[in-house]
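Student: Put the model up, and let me grill you on the labels people attach to it.

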Amino acid sequence: MTQANSTILSLKHIQKSFGNHQVLKDISFNIKKGEIATIIGPSGGGKSTTLRCINMLEEPSAGEIDFHGENVLAPGYNRNIYRAKVGMVFQQFDLFENKDVLANCMVGQELVLKRSKEEARKVAISNLKKVGMAEYINARPKQLSGGQQQRVAIARAISMDPEILLFDEPTSALDPEMVGEVLSVMKDLATTGLTMIIVTHEMAFARDVSDQVFFISDGVITEQGSPDQLLNHPQNEKTVKFLRNFQNN
Amino acid sequence: MKSKNKWLSAFIAILLSLTIGFSFNTRQAAAKDNNVLKVAMEANYQPYNWTQTNNANGAVPIDGSHTFANGYDVKIAKIIGQKLHRKVVVVKTEWDGLLPALTSGKADLIIAGMSPTAEREKAINFSNPYRRSTFVVITKVGSKYATAKKLSDFKGAKLTAQQGTFHYQLIKQLTGAKRQPAMRDFAAMRQSLISGTIDGYVAEDTEATSFKLVDPDIKAIPVSKMPGFHATKEESVTSIGIAKPNKQLLKQVNQILATISNAQRVKLMNTAVKQQPKTDNSKSKTGKPENWFVSMWKQYGGMIISGIGMTLLLASVGTIAGFFIGLIVGIIRTIPTPTTRGKRWGLKFIDWLLSVYIEIFRGTPMMVQAAVIYYGIAQFWHLNIDRTAAALVIVSINTGAYLAEIIRGGIISTPEGQFEAASALGMTHNQRMWHIILPQAIRNCLPSITNEFIVNIKDTSVLSIISVSELFFVGTTIASQTFKFFPTYLTISVIYLILTFTITRIFNLIEKHLEGSKNYNLMANQVQVGPTEKTEVNK
């Protein structure tokens, strides 16, 4: 935490239903600038939906999302600008199949941030260097391994100079030997002061980098606290039960 | 990405200039109208009228092609044209298209060996007869009907006649004859007779005379004089058709016909019979029979080449323009539901219109669309559109209807993650579509687009209904003049096969190129990174 403790994002009583099925019942939390927050919990508990609501890939059914104190769900709020400032890294990488590595990292900058081609290229290459993918700028997504694709996806996201970066289980779709390379890139990012919200099952990683950990199950935040509090001394029965699966970590 | 937009605007510019070019043509044609006498005929009904590749024996040009028409009808037309001080141009039209061509103003006169039946007189006016004829049943020498003396002798005979003619009705008077389905033209009936699928067909004496020139093994049995046979006067004469409102022209034509004596008419018909194309006994100068393909190519090569050109033009312009129509329709139909109510209803309405368009053009044969559009526009708006332009428009909108659904499917089947990743970067709907989704959707649709191209090459043959001289139309013309049906259509089918095969290969190469290699060769690509950041990047 390098910056002043100002709240950058706050979720207030977010609810989300798909038909009759209420996935999120009541989610509220604050994220401070520069903070690394980790969301853990059982599958189907609402972790990913929470993250997708923050980026508005899902429209919350009720509640408020404040970004720098402004409600982004209010009508008339420019969502595209907001989305450009809140980057996202997906479980399945979702690199643009029709573009090579460099173009993947440039297209958002050119179209949304209106950067010049030259500038976009410079930013993209410097970020690809950060994730160790600069040698592959002309490769097509299909030609890369999962770990490589995910590193490019991270470079694509940070090329937009986001204020917040969301990670939706970034290592879940990877072969075990590729998990390390992605986590190490994320660890490096965590030291730069970027605000990050990470949905993950990597408990050791969560313990190492997080400032705050949320345990979400059944659509509510069951428990929250520092990594030490939540991961080493969980209070809630559900948290205890869930963490028992990760004892090896 | 800019380069793609440039490409698009260039295409639109070409399309626009084409359209403007065509409308110019139309206007010019309209301006010249008064000096030209447009005469509709099949140019496929010897000895009344036929198509030839040069202007020998005083043939006149056929509108919109590089071929010429000649025959008894043409000779009569020229006399009329001369007296009216108008230059005769032949509008080559299929038999069923003759009346629509006249009523829609695409022709001034029908001189096509047509009889003034009461039914036809409801639609158009007829002049006084320019020829009287007798009826015959044409059969093979040695056929058991070749010796028929009375109408009942045709009992059991499989007989036919040309579609849409009263000849076909006359068969009913031949008691006991088995009436077969009517056929499109004389060429088809001759072929059926030779191959034995019919025992004979009803026609006029002139048809027998000219058929005998190419095949002496046929016999004509006159039925006009047989007891019990009845044909009204209108049925045994041929007259010139003139549009109902054109009373003045009718009067002029009748006056001119009165000046042509019977003796002159017989002479003209005899000349026509002698002049009609005979390719059967073609021999080279050495006296040896020449290879049929060589002689056909010599005589009709030019026609075939221009037919190939027309087919390729129709198929490629149709597919490209259809692709852009399909693209626009596909894009509109995948716009997400807008939030405001007005926009939502507006979009719903447009969506409904587009689905009507797709249903209509996918749900009706292109042949029917062509006839409706080409003759309909002329009849109701009095717009005389160039037939090539009409054909291009028809193929384009027809292809558009098919490709609209294919492209919509391509858009929908693009993985959801591609939409989401683009949204997460803050792209608008349009940016997502143009930069991320469409390039992928189109690439995935490419096999279907290739397929549509191939279909177009073959299916443009139905445009012969509006007499566009594409490959099949040319083939029909050649076959009906040479009576070499099998070799002609075999040649035509080989040409079609070569065209479709070549195009399939080309598209396969394009697909392969877009697919790229499965592996990324680090060594080969390394040069492009490093301190020299100026190196151009392939996109």
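Student: Where in chain A does Phe93(A) lie?

Tutor: Phe93(A) is in the loop between S6 and H3 of chain A. Those labels are DSSP runs numbered from the N terminus: helices are H or I with at least four residues, strands are E with at least two. Bear in mind that this is a predicted model, where local features need pLDDT of at least 70 and side-chain atom pairs need 80 or more, while totals for chains, interfaces and linings use all residues. Residues count from 1 along each chain as its sequence is written, and chains are lettered from A and ligands numbered from 1 in the order written.

Student: And is Phe93(A) buried or exposed?

Tutor: Buried means 20 or more other C-beta atoms within 10 Å of a residue's own, exposed means 12 or fewer, and partly exposed is in between, with C-beta atoms placed from the backbone. Phe93(A) has 25 such neighbours, so it counts as buried. Phe93(A) also has a positive phi of about 65 degrees, although it is not a glycine.

Student: What makes His85(B) exposed?

Tutor: His85(B) has 9 other C-beta atoms within 10 Å, so exposed is the right word. His85(B) is no glycine either, yet its phi is positive, about 60 degrees. Its place is the loop between helix H2 (72–84) and strand S5 (87–92) of chain B.

Student: Why is Met310(B) called buried?

Tutor: Because 21 other C-beta atoms lie within 10 Å of Met310(B). This residue belongs to helix H11 (residues 292–333) of chain B. Beyond four places in sequence, Met310(B) is in contact (C-beta atoms, placed from the backbone, within 7 Å) with Val468(B), Ser469(B) and Glu470(B). Take Ser469(B): 159 residues away from Met310(B) in sequence, but 7.0 Å away in space, C-alpha to C-alpha.

Student: How do you know that the length of helix H12 of chain B agrees with its residue count?

Tutor: The expected span is 1.5 Å times one less than the number of residues. For the 23 residues of H12(B) (341–363) that gives 33 Å, and the end C-alpha atoms are 32 Å apart, so the two agree.

Student: What makes you say H12(B) lies largely in the open?

Tutor: The number of buried residues in H12(B) is zero out of 23, so it lies largely in the open. Set against that strand S6 (residues 109–114) of chain B, where six of six residues are buried.

Student: Which strands does S6(B) pair with?

Tutor: Pairing requires that DSSP finds at least two bridges between the strands. Strand S1 (residues 36–41) of chain B has two bridges to S6(B), running parallel, and Ala40(B) is matched with Ile110(B). On strand S13 (residues 237–243) of chain B there are three bridges to S6(B), in the antiparallel sense, with Met114(B) partnered by Ser239(B).

Student: Why are S2(B) and S3(B) said to stand at the edges?

Tutor: The open sheet runs S2-S4-S3 in chain B, with antiparallel pairing. Strand S2 (50–52) and strand S3 (60–61) each have a single partner strand, so one side of each has no neighbour in the sheet. S2(B) and S4(B) (residues 68–70) share three bridges, and Trp50(B) stands opposite Asn70(B).

Student: Which strands stand at the edges of the five-strand sheet?

Tutor: Its order is S10-S9-S11-S8-S12 in chain B, with mixed pairing. Strand S10 (178–179) and strand S12 (218–222) each have a single partner strand, so they stand at the edges. Strand S9 (residues 158–160) joins S10(B) by two bridges, in parallel, and Lys158(B) stands opposite Lys178(B).

Student: What does the largest nonpolar core hold?

Tutor: A nonpolar core is a set of buried Ala, Val, Leu, Ile, Met, Phe, Trp, Tyr and Cys residues joined through C-beta atoms within 7 Å. The largest has 204 residues, and those with the most contacts inside it include Ile197(A), Val39(B) and Ala69(B). Leaving aside neighbours within four places, Ala69(B) touches Met41(B), Trp50(B) and Val90(B), among others.

Student: How many residues does each chain give to the contact between A and B?

Tutor: Chain A gives 31 residues and chain B gives 28. On the chain A side, the largest share, five residues, comes from H3(A).

Terms used. Two residues are in contact if their C-beta atoms, placed from the backbone, lie within 7 Å.
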